[in-house]
Amino acid sequence: MIRFALTCDRGHGFDAWFSSGDSYDEQVEAKAIVCPTCGSIHVEKAPMAPAVLRARAKETKRESPVGAERKQTYAFLKGMRDYLKDNADDVGKAFPEEARKMHYGEADARNIYGEASLEEAKALHEEGIPALPIPKLPEEHN
Ligand SMILES: [Zn+2]
């Protein structure tokens, strides 16, 4: 008996036993080999080990793309928040006003962060003032 690692056209890996290498070819030709996961008859011998490892690693990642992405986004936002807290002034609701003052040279340019309504943010954008919206982090929702 020979064991082959097979993979279907959707990337499912599985093992199958054959009496010989010829037997494998015959069964593939007869479309007698079916992927146990999705029922596809388009199967082939799995690529060499390193490729299989890469494919599996990708699949593992694919299992929770949303979760991983959220974690990354969260880490990014948290990092940005922390950076702002250390390196920028919190001007709170005065943000649109302060941003405008700096943009039109009525105040010294500095890093600020604060709050702006959607309308205010849009207005700033239209005036060409580079304000970056930062979504609230989960723990900051109230
Ligand atoms: Zn499959």
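Rings of Phe, Tyr and Trp are taken as an aromatic pair if their centres lie within 6.5 Å. In this predicted model, a search of the whole structure finds three aromatic pairs. In one of them, the rings of Phe-4 and Phe-18 have their centres 5.8 Å apart and their planes at 45°, so the pair is tilted. Phe-4 belongs to strand S1 and Phe-18 to strand S2, so this pair ties together parts that are 14 residues apart in sequence. Phe-18 also pairs with Tyr-24, here edge-to-face, with 5.2 Å centre to centre and 85° between the planes. Phe-4 and Phe-18 are both buried, and Tyr-24 is buried as well. Through these ring pairs, Phe-4, Phe-18 and Tyr-24 are linked into a cluster.

The residues of this cluster are part of the largest nonpolar core, which has ten residues in all: Phe-4, Leu-6, Cys-8, Phe-14, Ala-16, Phe-18, Tyr-24, Ile-33, Cys-35 and Val-43. Strand S1 (2–8) and strand S2 (13–18) are the elements that give two or more residues to this core. Beyond its neighbours within four places in sequence, Ile-33 contacts Leu-6, Phe-14, Phe-18, Tyr-24, Gln-27, Val-28, Ser-40, Ile-41 and Val-43. Another core, of seven residues, lies apart from the largest one and includes Phe-95, Met-102, Leu-124 and Ile-129.

Two residues of the largest core, Cys-8 and Cys-35, are also donors to a zinc ion. The zinc ion is coordinated by the SG atoms of Cys-8, Cys-35 and Cys-38 and by ND1 of His-12, at 2.0 to 2.3 Å. The arrangement is tetrahedral because the four donor atoms subtend angles of 100 to 115° around the zinc ion. Along the sequence, the spacing of the donor residues is C-x3-H-x22-C-x2-C. Distant parts of the chain are linked by the pair His-12 and Cys-35, 23 residues apart: His-12 is in the loop between S1 and S2, and Cys-35 in the loop between helix H1 (21–29) and strand S3 (43–45). His-12 is partly exposed, with a relative accessible area of 24%, whereas Cys-35 counts as buried at 2% relative accessibility, the cut-off for buried being under 20%.

Over the whole protein there are five helices and five strands, which follow the pattern β-β-α-β-α-α-β-α-β-α along the sequence. Of the 142 residues, 22% are buried. Among contacts with a separation of 6 or more, 44% are between residues 24 or more positions apart. The protein exposes about 10,700 Å², of which carbon and sulfur atoms supply 53%.

Key
Residues numbered from 1 in each chain as written. Predicted model: local features only at pLDDT ≥ 70, side-chain atom pairs only at ≥ 80, totals over all residues. Heavy atoms only, no water. Core = buried A, V, L, I, M, F, W, Y, C linked by side-chain atoms within 4.5 Å. Buried < 20%, exposed > 50% of the residue type's maximum accessible area, 1.4 Å probe, protein only. Helix = DSSP H or I, 4+ residues; strand = E, 2+ residues; numbered from the N terminus. Contact = heavy atoms within 4.5 Å. Donors = N, O, S within 2.8 Å, 3.2 Å for Na, K, Ca; no water. Tetrahedral: all angles 85-135°; square planar, octahedral: opposite > 155°, others 65-115°. Areas by Shrake-Rupley, 256 points an atom, 1.4 Å probe, with all protein chains shown as cover. Phe/Tyr/Trp six-rings, centres within 6.5 Å; stacked < 30°, edge-to-face > 60°.
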